[in-house]
Structure formats: C-alpha cells, structure tokens
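Me: Please take a close look at the aromatic rings here. Show me how they sit, then work outward to what surrounds them.

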Amino acid sequence: MAQGAQPLTLSGWRTRWAGTAPGLAVIGVLLAVLATGLWALLSVAAPTGTLRLDAYVGGVVVFSLVQGALSALLSVGLAVPVARALFRRGDFPLRTLLVRLMGLPMVVPTIVGVIAIVILFGRQGWLNQAWGALGFGGRIDIYGLHGILLAHLFFNLPFATRLILSGLATIPQAQWRQASQLGLTGSQVLRWIEYPVLREVIPGILGIVFLLCFTSFAIVLALGGGPPNATLEVAIYQALRFEFDVGRAAQLAGIQLVVCLGVYAAILRLGRPVESDLAATAAVRRPDADTGMARLVDTMAIGLALLLLLGPLLALASRIAAGPLIDVLASYALWAATGRSLAVGATAGLLSLAAGWGILTAARALRQVHGRPGLARAAELTGSMILVVPPMVLGAGLFLAVRDWVDPFAAGLLLVVLVNAGMGLPFIIRILGPALDRAGRRYGRLGESLGLRRWHRFVYADWPEVRASAGLALALVTCLSFGDFGVIALFGSSDTATLPFLLYERMGAYRMDQAAVVAGWLLALCVLLFVAVERLVGGRERR
C-alpha cells in the first residue's frame with residue numbers, strides 16, 4: 001500500500017460500488033425472468049422424451065426456415081438498389097422526406113400493415129377489383145407464402161434500406177473525390193468503393209432481417225392461409241391456445257430458441273454493427289450520378305419502394321373513409337381496448353426505460369469509474385440478451401411457469417407488460433447508451449469534485465444531456481408495446497382485448513369495414529403517441 005493511502009473500508013466500498021447496484025439488480029431480475037421461462041419450457045419438454053419430429057413438426061421447421069430465408073433475401077436484395085439510389089441522389093429535394101418515410105414501418109403496428117395489405121391485394125382489394133374491371137380472368141390470392149413474403153417486404157425493405165444507407169454514409173469523402181478525379185464508371189464505383197462496405201454490413205443485416213421474419217407471428221397468422229404455412233411462432237400459439245399441448249409447445253419453442261441463438265451468434269461473428277440513425281447524410285459528388293442509365297435505375301428503385309410502402313396505406317385510408325367510422329368510434333369495445341392498450345404501452349415503456357437506465361448507469365460506472373470495459377460490455381449484452389428469445393417463446397415459458405399458481409389468462413395483461421418491457425430493452429440500450437456515456441465523460445469528474453449526490457447528478461448532468469435520446473427511446477418502446485399483437489394473442493380474451501386483439505377479431509369475423517376503421521384508429525394513436533411522448537419527454541430542442 002502506498003504511503004498515505006487509506007484502506008478501503010466497508011462504507012467506502014459501498015460508496016464506490018453504489019452506482020452499479022441498481023443496474024446489477026435489474027440484470028439479476030432479467031436473468032431470473034428468462035431463466036424461469038426457459039426452465040418451465042425444459043421441465044415440460046423433458047418428460048416427453050425425445051423430440052417428436054413427425055411430419056407436422058418437420059414441416060413447420062422447414063417452412064419457418066424457408067420463409068425467413070426468402071423474406072430476408074428479398075428484403076435485403078431489393079434494399080440494396082434502393083439504398084444506392086437514395087445515396088446517389090443526395091441532391092434530390094425530397095430525399096430527406098423519403099428517408100424519413102423509410103422509418104414509417106417501425107411505427108406502423110404489424111397487424112395494421114397486414115390489414116392494409118389485405119385491402120390492397122386481397123380478394124376484394126383494389127388490385128383485384130381493377131383486374132376484374134379490365135376484363136382479365138383469375139384473381140390475386142394474398143394468402144400463402146407469397147402473401148407472407150409481400151408483407152415482410154413492406155416492413156423489412158425500408159428497415160434494411162436505412163441500415164444499408166447508414167453503411168454507405170461511412171465511406172470517406174476522400175474516396176469520392178478520388179473516384180471523380182479518376183472518372184470511374186458506375187460498375188467501377190460499385191466494385192471498388194461500395195462493394196467493400198456492402199460486403200461488411202450486409203451479412204449482419206441479413207441475419208437481423210432473418211430473425212425478424214423467422215419469428216414473425218401476426219403476418220403468418222393472418223396471411224399464412226392455414227396449418228401448411230405455419231411457422232414455429234404460430235405453431236406454439238396454436239399448441240397452447242387451442243390444443244393446450246404444452247409438451248409440443250415447449251419442444252417447438254426449444255427448436256426456435258436454438259435457431260435464434262445460432263443466427264445471433266453468426267451476426268456477432270460476421271456482421272459489422274451499423275448505426276440506424278443516419279448520422280452522416282450529407283450529399284457527396286459521385287462520378288456515376290449523372291448518366292442516363294443511373295437516373296433510370298434510381299427512379300425505378302425509389303418508385304418501387306414508395307409504391308410498396310405507400311400503396312397499402314393509401315388503400316387503408318380509402319377503406320376507412322368509406323367505412324362505418326361513427327359506429328365503430330362510438331362503440332364501448334373500441335374505447336375499452338384503447339384504454340388497455342394505452343395502459344400496456346405506457347407501463348411497458350416506462351418499465352423498460354427504468355430498467356435500461358439502471359443497466360446503462362451500471363455499465364457506465366464499470367467503464368468510466370472502475371476501469372472494467374469488459375464487464376461494462378457484458379452488462380449491456382445481458383440487457384440485449386432478450387433479442388435471442390422470441391416473444392412467443394418467452395410468453396410460452398411464463399405461461400407454463402405461472403399456471404400452477406394463477407390463471408395465465410387472468411394475469412394476461414401483466415405478462416404482456418412484462419414481456420414487452422423486456423423486448424424493448426435492446427432499443428433502450430442502443431439509443432440511450434451513447435448519450436449516457438457522453439454525459440459521464442463530460443460531467444463525471446466535475447460531479448465527483450463537487451460531491452453531487454446521485455439525484456443532483458441526474459438532474460443537472462445526466463438528464464439535460466440524454467433527454468432527447470430518452471424521449472426517442474421511450475416513444476419507440478411505448479408505441480411498439482401499444483401496437484403489439486404477438487403476446488396478447490396468447491393471453492388475451494374479449495375481456496382483456498387490446499386494440500390489436502380487437503382488430504384481429506374483426507378480421508377473423510370478416511368485418512373488414514370495421515377492421516379498417518379500427519386499424520386507422522390504432523395507427524393514428526400510434527403516431528400521436530410517438531410524437532407526444534417524444535416531445536413531452538425529449539423536449540422541443542433536439543441535440
């Protein structure tokens with residue numbers, strides 16, 4: 001011990017590590033919830049012996065893999081020319097608006113996107129009516145694999161486009177100046193400048209989109225067309241909800257968890273992380289931007305993306321205008337479901353934000369105060385661990401864990417809040433983490449020298465720095481929970497129906513006019529909720 005150094009007493013140890021205690025407690029609770037759900041699945045699956053790989057299970061596994069792979073390949077494959085077009089047209093006046101529109105599917109609830117696609121492409125949809133009016137025979141059938149792929153394109157092509165565009169934005173300006181000096185052609189620009197970046201980011205994006213499509217529930221349930229096109233998520237739901245075959249549900253959940261773990265491990269190994277906020281959006285001078293062929297290709301790519309994105313939403317808007325708007329909005333069922341959805345969304349969002357804040361402050365203390373960056377990274381990865389546990393798997397595990405003590409359907413909304421709060425944690429950590437770290441670097445030493453307590457440090461140092469990010473994160477998680485259909489489909493009933501559950505009931509009863517109005521109400525509330533939460537929490541000024 002150095003001369004003059006004081007030994008670390010118990011009270012000093014407590015003071016030094018006090019900043020990590022809330023975060024470590026959150027991590028412990030999160031791991032306990034995950035372990036409880038997974039243990040319940042294992043305890044039910046183990047007595048059944050070996051996995052029953054009958055024709056049904058084999059077909060479900062194969063179809064889940066095939067539709068996930070095809071959806072990922074189509075979404076990312078078509079996103080590449082769209083992202084290149086938006087990047088190449090940096091001087092296009094509407095470029096910023098188009099990029100913002102690419103983020104619209106993140107706010108649109110999945111079940112709303114499904115009904116919008118049905119209204120456009122369904123048996124009585126716009127395209128079929130136009131097809132018949134022109135005198136052509138046959139009809140477009142939206143139900144089946146092609147309908148699932150189309151819906152996944154609607155949601156994932158814009159998401160993949162934004163990620164690829166973010167990757168292209170990292171190309172140094174010096175490379176573009178050199179390319180202009182050398183007069184490189186379009187194919188040479190693609191080969192020598194863009195391809196090295198695409199080769200790094202696309203594997204990770206493919207993995208993320210595959211996971212999203214592989215664990216897709218509402219899209220497959222509504223557009224699959226029956227058991228032959230069921231995925232693992234839908235099969236788990238059917239096994240618990242209709243057959244109450246807990247053994248089969250546990251085994252299917254185990255298969256899904258193994259596949260998700262494998263894909264997530266591949267993403268960490270092969271994919272380069274890509275920020276999705278488009279930090280660099282400045283226009284660049286490209287030698288291949290002014291050719292006639294480049295303009296034609298870019299126009300076709302952007303036009304196709306806008307048609308796919310806006311076509312279903314415009315069809316939904318027209319159906320709402322012609323629907324029983326007053327009758328539906330005056331119904332008690334709609335307002336009761338709205339209240340439940342708001343309660344679920346707000347509670348899950350606040351719970352997720354509080355848990356994420358605890359994890360991130362613990363990680364910051366480990367990194368900046370204790371010099372343990374490895375432990376800090378482990379804490380953040382633990383908070384994002386729920387990415388590899390699909391919502392239906394976690395919901396099924398909690399269903400099995402609590403059924404001996406309480407009625408899972410009676411406690412359904414509480415379980416929905418818990419699962420959605422956990423599913424929102426990766427978004428909280430991704431959005432809020434950099435801002436909280438930045439606040440620590442700027443004001444951490446000053447706060448310690450002034451002897452600020454944790455509450456004063458939060459008010460005067462952390463919150464002004466992270467407020468905008470906290471507002472964005474809370475708004476996103478609240479809206480995702482508000483419009484979630486996956487978990488409520490397992491636990492919901494007419495007495496606990498949320499808006500997505502009510503919408504699916506109307507679709508199942510073939511009341512498409514009422515369903516369209518409910519979908520419009522749900523979408524409008526999602527947008528208003530996102531704007532209100534981001535503005536109230538994040539403030540008017542964005543850093």
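Reply: **Aromatic rings and their surroundings**

The structure holds six aromatic pairs. One of them joins Phe154 and Phe155: the ring centres are 4.9 Å apart and the planes meet at 85 degrees. An angle over 60 degrees counts as edge-to-face, so this pair is edge-to-face. Keep in mind that the model is predicted. Both partners are covered. Phe154 is buried, at 1% relative accessible area. Phe155 is buried too, at 11%.

Now the helix that carries them. Residues 145-168 make up helix 8, a range that takes in Phe154 and Phe155. Of its 24 residues, 21 are buried, so helix 8 is mostly covered. Does its length agree with its residue count, or disagree? At 1.5 Å a residue, the expected span is 34 Å. The end C-alpha atoms are 32 Å apart, which agrees. Helix 8 does bend, by about 35 degrees at Asn156. A proline, Pro158, follows within four residues of that point.

A second aromatic site is a cluster. Four residues form it: Phe217, Tyr237, Phe485 and Tyr504. Two of them lead to helices worth a look. Tyr237 is one of the buried residues of helix 12. Tyr504 falls within the range of helix 22 (499-508).

Take helix 12 first. It runs over residues 232-243, and nine of its 12 residues are buried, so the rest of the structure largely encloses it. The buried stretch reads Leu232, Glu233, Val234, Ala235, Ile236, Tyr237, Gln238, Ala239 and Leu240. Note that Glu233 and Gln238 are on that list, alongside Tyr237. Just past the end of helix 12 comes Phe244, with a positive phi of about 50 degrees.

Next, the loops on either side of helix 22. Thr496 sits in the loop between helix 21 (486-491) and helix 22. Thr496 counts as buried, at 15% relative accessibility. Beyond four places in sequence, its contacts are Arg340, Leu413, Ile488 and Phe491. Ile488 and Phe491 belong to the range of helix 21. On the other side, Tyr510 lies in the loop between helix 22 and helix 23. Is Tyr510 buried or exposed? Its relative accessibility is 73%, so it counts as exposed. Its phi is near 60 degrees, a positive value in a residue other than glycine.

Helix 23 follows, over residues 512-538. Ala519 is in it. Ala519 is buried, at 0% relative accessibility. What does Ala519 touch, once residues up to four places away are set aside? Val112, Ile115, Leu316 and Leu503. The Ile115 contact spans 404 residues of sequence, yet the two C-alpha atoms are 7.5 Å apart. Leu503 ties Ala519 to the range of helix 22. Leu316 ties it to helix 14 (residues 292-321).

Helix 14 also holds Asp298. This acid is buried, with a relative accessible area of 2%. Leaving aside its neighbours within four places, Asp298 is in contact with Ala85, Arg88 and Arg89.

Back to helix 23 for the sulfur. Cys526 lies within its range. Cys526 is buried, at 0% relative accessible area. Why is there no bond from its sulfur? The closest cysteine sulfur, in Cys479, is 5.1 Å away, too far for a bond. The cut-off for a disulfide is 2.5 Å. The search of the whole structure finds zero disulfides. Another cysteine, Cys260, is buried at 1%.

Finally, the whole protein. It has 23 helices and zero strands. Buried residues make up 52% of its 543 residues. Among contacts between residues at least 6 apart in sequence, 83% join residues at least 24 apart. The contact of Ala519 with Ile115 links residues 404 apart. The accessible surface comes to about 25700 Å², and carbon and sulfur atoms account for 65% of it.

Definitions and conventions:
Residues numbered from 1 in each chain as written. Predicted model: local features only at pLDDT ≥ 70, side-chain atom pairs only at ≥ 80, totals over all residues. Heavy atoms only, no water. Helix = DSSP H or I, 4+ residues; strand = E, 2+ residues; numbered from the N terminus. Buried < 20%, exposed > 50% of the residue type's maximum accessible area, 1.4 Å probe, protein only. Contact = heavy atoms within 4.5 Å. Areas by Shrake-Rupley, 256 points an atom, 1.4 Å probe, with all protein chains shown as cover. Expected span 1.5 Å × (residues − 1). Bend = angle between axes of the 7 residues up to and from the residue. Phe/Tyr/Trp six-rings, centres within 6.5 Å; stacked < 30°, edge-to-face > 60°.
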